[in-house]
Amino acid sequence: MVTYIVRRLVTAVLILFGASYVVYQLTALSGDPLEDLRASNAPNREQLIQARTELLDLNTPAPLRYFGWLAGAAKCLVPFAATCDLGASIQGEAVTTSLVRAMGNTITLVTTATVLAIIIGISLGIITALRQYSGLDYGVTFMSFLFFSLPIFWLAVLLKEFGAIGFNNFLADPQIPASTIVVVALASGLIWALFASASWKRKAIAFVVGAAVAAALLTVLEVVDWFTDPGLGPIVILVTGVAIAFGIVLLTAGLRNRKALYASLIMVALGLVAYYVVNPVLNAATVWMILALAVLTVLVGIGVGYAMGGYDRGQSMRAAALTGLLMGLLIVVDRFLVTWPAYVGNPRVRGRPIATVGAETPGLEGTFWITGLDTFTHLLLPTIALLLASLAGYSRYSRASMLEIMNMDFIRTARAKGLSERTVVMRHAFRNALIPLATLVAFDIGALIGGAIITEQVFAFSGMGQLFVQALQRTDPDPIMGFFLVAGILALVFNLVADVAYSFLDPRVRVKA
Amino acid sequence: MSTQTPADVPGQTETVPGPVPPAPEIEAPGLSQGQIVRRKFFDNTAAIISLVVFVVVFLLAFTSVGFAGIPGWWKYNHTEFVPLLGDGAPTVTGPFSWGEHPFGQDSIGRDYFAMTMRGAQNSLLIMFIIGALAGLTGVVVGACSGYFRGWTEAVLMRFTDIVIIIPVVLAAATLGESVNRFVGSGAQVWLLGVFLGLVLWTGLARLVRGEFLSLREREFVDAAKIAGASNTRIIFKHILPNAVGVIIVNTTLLMSAAILLETALSYIGFGVKAPDVSLGLIISQNQEAFQTRPWLFWFPGLFIVLICLCINFIGDGLRDAFDPRQKKFNAGRAKDAGKPAA
């Protein structure tokens, strides 16, 4: 295995050399870096051209100029020397600086979208595979093809129009007209009916219940003027928490495992206590504090699960930790919602919270909660756009993979042993269906950093993609090479990770040493 | 780049509709692979509807505004300035009452139907060029490296790895500049297709290689070798027909990715450039007018979605048709494909 990895890494370095040479030549061919100066009528035009020619070393032919760049880039390989020199942009900013900033922005943008796409996509894929050829299956299939076929720049304009401008107008005067309530209720009923299992009676019940719940929810929200002054409050947190506890236990351990259920319910109770106890501390929250609290919650959950003991402690521990984590999420969400009016009323935001462009409101200052909300409102639309575009891949793959697994002999064996359907699906099928997806996920993470060029462009989000496109428009070689280095290295590394992970997860696959 | 390589395109699916009653045990005459695939494909309602819609869009785009010097039947073309009628809103009211400007006029009076059709034509043209070129390159590279192995494989696959990590946007931008410098904008659309085709074949090459690697170890290839068949004969007569499913399906899905890529590139200004039009380009030119002239935004976008959706469903149908593991299929039913299911 080690020989294999080393050999792959050596090849990767050679590939990187070859590709960077090609990219450098393509960049040189792609335009004239002096174009804007030639067209300008500044009195010192000649000097400007002279200066830029020297800055970019334009008198050396491009095939040779590459080695000048390479010499600088090679310094990055020297450890601890801190003389990494990837050149500078035409404006004179060091590429390393701008790369770091752009990478930070891109990572915040794509992480949420990717994680959500993986979770939602895989769940949808599994559910549709279990309900093959049902209305739900056809519906989800059609929707995923549709999302897959949407050009992201077109979707982005629609999102800005209806998601941001429309929603902001609504927030300015939150009145839900009766017609909207009816439409939303019908839609929700339909979705619930699609998810309900085969018989018409159950579908009808699901439809009625779904529609009624949605209508009631909207009416209550309207009556209490929730949109101007949102929040969850202890009662909603308690009810949702209990529902989460039951849901998680149902999926991970089965409701017959009373110990796991009690452990999760204890976590809900503890969460509710924490809601009051931690609240004052949260006033001075930072990212690290939230993360530390999350870790603490998981530890407490594991402890509670362990203390419950019983035949299979692992299940109780897992269920309790997961419930605790989601309870914590509820509390954080509540806190954000409570901060909402202050954010909307902020003079910088001026009552139009959902942003259409940019990564943050310029000049906005405030607590962790205010800036957190600011990031959220800016990331919302691009995240939805990226999510919809990448959802299809995951749901189609996991569906295909799950279908294949469910037809395997060991699934029949598991059923024949008398295992419950939950155990068969979650323990025997689901885990095996995830193996091929691990490769897909690794590939996608590798492509992430360079993967959002169009989205960043449409939402004026200053990440890697925009860095690249802007440099390309100016024929500015160094930022392009910087972008290529980061994107290329990540792609190659995660390619390797995908292959190695596959052979770890599936012992039948052996890598050639 | 949000566009994906064909390998990322949705996985295997089985959309042959409806549960099938067990077939009666009858002696059925043998069917060739081609017949089975054709019948399974024509059984797939979604794929057939998509195929029909796609052909309609194709004919509309190529006959209405004319192609390669042959005049079309539509009265305007995409460059003519016509005085604005009112605010230039669409005049189409039904499938057979199109009015003067069915899709309206843009802000300087050009007929938007002609522009959209011309854009769709360019996008389809680029898509087909990419499909043909990337398909051919991918198959040749994949087949050679998978069949001959050894040094051929090492060199070709490392070359593939290099091409994979070169950003497509960069390749397209380089092309745009060189075309304007050396060729002139007339051949722009064709060359864009050629250039994109030359960078997009990598995923297909890997898949074909994998397919060849496993097929060349099979007994029938050994038998052919012992019988004294030449390499050319083994590749073309024995292995390629067995890999044709993978090739066709993935080329189709590659084409759906290609049309999104082309429109996206034109949108950010590295693809088709004015004075020619592309669906992505006219959306980018008119997106600011969404509030005042929404039709300038809707029609080209809907055409992109329509074309891409059709290609995806056709590709999905082909995949099902080529998949021998398809559980819901038996030859007896395929024979009776024309009749309603009993």
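1. Let's start with a definition: a disulfide here is a pair of cysteine sulfur atoms within 2.5 Å. In chemical terms, a disulfide is a covalent bond between the sulfur atoms of two cysteines. By that cut-off, this structure, which is a predicted model, holds zero disulfides over all chains.

2. Two cysteines of chain B are worth a look while you have the structure open. The sulfur of Cys308(B) has its closest cysteine sulfur in Cys310(B), 9.4 Å away, which is too far for a bond. Cys308(B) is also buried, at 0% relative accessibility. Cys144(B) counts as partly exposed, because its relative accessibility is 26%.

3. Cys310(B) turns up again around Ser50(B). This serine sits in helix α2 of chain B, which covers residues 45-64. With a relative accessible area of 6%, Ser50(B) is buried. If you set aside the neighbours within four places in sequence, Ser50(B) is in contact with Cys310(B), Phe313(B) and Ile314(B).

4. Now over to chain A and its helix α3, residues 45-56. The helix has 12 residues and reaches 17 Å from its first C-alpha to its last, close to the 16 Å expected at 1.5 Å a residue. Just after α3(A) comes Asp57(A), with a positive phi of about 60°.

5. Which residues of α3(A) are buried? They are Ile49(A), Arg52(A), Thr53(A) and Leu56(A). These residues cover an arc of only 105° around the axis, so they lie on the same side of α3(A). The spacing fits a general rule: an α-helix has 3.6 residues a turn, so residues three or four places apart point the same way.

6. What do the buried residues of α3(A) pack against? Their partners are α2 (35-39), α4 (62-74) and α19 (477-505), which belong to chain A. On the face turned away from the buried side, α3(A) carries the exposed residues Gln47(A) and Glu54(A).

7. Finally, a pocket to explore. The second largest pocket has a volume of about 1900 Å³. It is lined by 48 residues, and the closest to its centre are Ile290(A), Leu329(A), Val332(A), Val333(A) and Phe336(A). Helices of chain A that give two or more residues to this lining are α5 (95-130), α7 (152-172), α11 (258-282), α12 (287-308), α13 (313-345) and α14 (368-406). The largest share of the lining, 11 residues, comes from α13(A).

Definitions and conventions
Residues numbered from 1 in each chain as written. Chains lettered and ligands numbered in written order. Predicted model: local features only at pLDDT ≥ 70, side-chain atom pairs only at ≥ 80, totals over all residues. Heavy atoms only, no water. Helix = DSSP H or I, 4+ residues; strand = E, 2+ residues; numbered from the N terminus. Expected span 1.5 Å × (residues − 1). Buried < 20%, exposed > 50% of the residue type's maximum accessible area, 1.4 Å probe, protein only. Arc of directions from axis to C-beta. Contact = heavy atoms within 4.5 Å. 1 Å grid on protein atoms, 1.4 Å probe; cavity = no way out; pocket = protein on both sides within 12 Å on 5 of 7 lines; lining within 4 Å. Points joined across faces, edges and corners; volume = space filled by probe spheres on them.
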